[in-house]
Amino acid sequence: MQNLRKNISPLWAALTAVALACVIAFSVLTALGVSASGAGDAFPVPAEAGASLMAEDDVYFAAAGEDGALRSYRKEDGERLFTYQKPAEEEGTAAPLPVHIALYGGQLFALYDDRQVLRFDADGNGTPAGVLETNYAPQRTYFPTSGTLFAVYGVVGAQKEVYLLRTDFGGTAEEPASYRDYPKLDGGQYAVSSGGVETGVQGICVTAEEEVYVASDIYTVRKFTANGMKDGYQEYDIRAEKLAAFCRTEGGFAGVDLAGNFYQMDETLRATYVQRTGQSFDSVVCAGSTFYGYGGDTVVGFSAEQGKLFSVSAGGGRLVLAAPAAFSLSGAQPRYIGIALAQDIAAYANILPVYIALLVVMLLFLIFAGLHAWRPLGRCVNHGLAVCGKTFVKHKFAYLGLVPTFALLAVFYYWPIARGLGLSFFNYNGVTSEFVGFKNFWDVLQNTLFWNSTLNMFILLVTDLVKAIVPPLIFAEFILAVRSKRFSFVVRVLLFIPGILPGVAGTLVWVNGIFGSDSYGLLNSICSLFVPGFMQTWIGPYLETRSLISIIMFAFPWVGSYLIFYGGIMGIPKSLFEAAELDGCGWWRRMATIDLPLIFAQIKYIFITSFIASVQDYGRLFITDQSTGHGLKVPALIIYESIYKGGSEPNYGLSSAMSMFLFLFLLAATILSFRKQTSKEEM
């Protein structure tokens, strides 16, 4: 017992306990930060409202699903008030779908892709209170804080239109109201196509005083009255090039452009304050005095009074709801996020790297302190560190020289591998992501096309290894056997020239020129000299075996890596060759007993690189299949096609799972190869 106490260092034991407590604390904080990134508030209505379009005000919530069903809810108790499905114009045709919805003044407005605008009482029975027909495809509505005038923006081909409507427009499905009864911002001598709205409509602001401001993408904003073009317009030059959204404030205006800049402006729209976020946007939406910029899978919130409020990851979702106090993101489980929660998420996201860094540091310190708590083990650790330190100081330039290499490897190789492993557990289509566990790996195991294609991979692998080693080695020996240096130089240049030709061009030369299926194909032309009228398809559909053999023959006579073998043999001391000649050793025997063992490192290098390149290569099959449609597959090609030819959407998760199987195969083969090399060197 006394011996045990003697070997324990109280100081390091205490430090170990402190480090353990810090690791637990930072682990909890890191977990909270990670979980916060996917957090969301409870929807104010039942979960079925999680749809492709949403809208809300203080009293009501509305949603439109991908099936086109429009639903209205009361937020106080979550009761569904009505469901409306717009009927198809003709039997057997698809029903029109809503493209935008908005709640204003207790009414629900819906824009449909059949060029109609519908108005409902939010607490009504689902019968349209107004139906208005337009001659353009309506895209979005713009409402003031109060009043009955609102704007509808739409497009007709390349032309853009802005119409001014009243919130009490009438019309029925049988006799809809006409857009012709309402003013638009186009026409007559004031045609906006002459330098404003039509050349690039950006933000639109409708004020309670029934004034309409329209920003273009050429540093101008035009002010219209409720009469539209009849009263003309007043034009302001502004600092923002693409003012995507702006609103009225007490002192003037506030807005956000697509470059991610927030502006506060006076009554003449002259910028009095500019805040640059450095985040460009694909779109910006104004909801009351709140702005939401969306771009690069990020949502950035702004307040007209305070500027930037938060920046959060969209997690692959789309912005489907923009309300003054909350927004929603689409996905398998839509997220409803209030402004306060979004600010908390942003705060966690900003401090999360600090927590992770501190967690890593404390983990390392915990290991170090734990080892030193036991004195004998601590002495061993100190001795090992001292040796490492002296070695590093002695060879510091060599070690420091490795840092940039491993930094680049970490960024461009190790991180993609880790990212691919992570994606293999998700159903990710490039936009939305859903955790599916080991489902992708199970799907790969059941994918007969993937496993059947491995036969082609192994056939090509074996032939590629033979082509990469045997012919180049023989050619290198032949060149060395030539006594004339000038002739040897000419031969080496002629053998090297084909390697200059780009791989894609070389493949097309073989598939269309040499193995061409018409009379112009070189092989068919040669055969027709002996068999008149000879015509054969060498690569094509339902000719898997013949197509595979033809593709194997590409790049004949396969002398690509002869320079590596040539250089290796040139490095062998000539005294060995002379001694072998004196002993009566022939050329073939000398090559087997002297050349091959002494250039084993070069052979090893060619073997490993050719092995990996062959397994990963799908280009030759992909290119030839585009021209001939032979249908041959290898696992790497199936991985590519599951992303870029996966039907309606790519499947990155399944492709990553397939890649993991190939990665494990290559890793095992490489480790086995290096172990054999080590065993041979030890012998």
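Me: Two strands pair if DSSP finds at least two bridges between them. How many bridges link β13 and β14 here?

Reply: Strands are DSSP runs of E with at least two residues, helices are runs of H or I with at least four, and both are numbered from the N terminus. This is a predicted model, where local features need pLDDT of at least 70, side-chain atom pairs count only at pLDDT 80 or more, and totals for chains, interfaces and linings use all residues. Residues are numbered from 1 along each chain as its sequence is written, and side-chain values use heavy atoms, with hydrogens and water left out. Now your case: β13 (residues 204–206) and β14 pair over three bridges, in the antiparallel sense. If you want a spot to click on, V206 has V212 of β14 as its bridge partner.

Me: What sits between β13 and β14?

Reply: Five residues separate the two strands of that hairpin. In the turn, look at E210, which has a positive phi of about 60 degrees.

Me: Which strand pairs with β14 over four bridges?

Reply: That's β15 (residues 220–224), again running antiparallel to β14. Find V212 once more: in β15 it stands opposite F224. So V212 is the bridge partner of V206 in one pairing, and it faces F224 in the other. β14 and β15 also make a hairpin, this one with four residues between the strands. Y219 takes a positive phi near 60 degrees there.

Me: In what order do the strands of this sheet run?

Reply: The general idea is that strands of a sheet pair through backbone hydrogen bonds, either parallel or antiparallel. Here you get an open sheet of four strands, β13-β14-β15-β16, paired antiparallel. β13 and β16 (234–237) are the edge strands, each pairing on one side only.

Me: Which way do the side chains of β14 point?

Reply: In a regular strand they alternate between the two faces of the sheet. In β14 (residues 212–215), V212 and V214 point one way, while Y213 and A215 point the other. These four are all buried (under 20% relative accessible area; exposed is over 50%, partly exposed in between, using a 1.4 Å probe and protein chains only).

Me: Where else can I practise reading a four-strand sheet?

Reply: Try the open sheet β1-β2-β3-β4, with its antiparallel pairing. Its edges are β1 (53–56) and β4 (80–84), and each of them pairs on one side only. Follow β1 to its neighbour β2 (residues 60–64): the two are antiparallel and share four bridges. A55 is a handy marker, standing opposite A62 in β2.

Me: How many aromatic pairs does the whole structure have?

Reply: A search turns up 33. Rings of Phe, Tyr and Trp (its six-membered ring) pair if their centres lie within 6.5 Å, with planes under 30 degrees apart called stacked, over 60 edge-to-face, and the rest tilted. F450 and W451 are an edge-to-face example, at 5.1 Å centre to centre and 85 degrees between the planes. Y618 and Y640 are a stacked one, at 5.1 Å and 25 degrees.

Me: Why does the Y618–Y640 pair tie together separate parts of the chain?

Reply: Because Y618 lies in the loop between α15 (600–616) and α16 (619–628), whereas Y640 is in helix α17 (residues 635–644), the pair ties together parts 22 residues apart in sequence. Both have some access: Y618 is partly exposed at 28% relative accessible area, and Y640 is partly exposed at 22%.

Me: And F450, is that one buried or exposed?

Reply: Buried, with a relative accessible area of 2%. W451, on the other hand, is partly exposed at 32%. F450 and W451 also belong to one aromatic cluster, together with F425, F438, F441 and F661.

Me: Zooming out, what does the chain as a whole look like?

Reply: It has 18 helices and 29 strands, and 42% of its 683 residues are buried. The C-alpha atoms fill a box of roughly 110 × 100 × 50 Å along the principal axes. The radius of gyration is 36 Å, against near 26 Å for a compact globule of 683 residues (taken over C-alpha atoms; the globule rule is 2.2 Å times the number of residues to the power 0.38).
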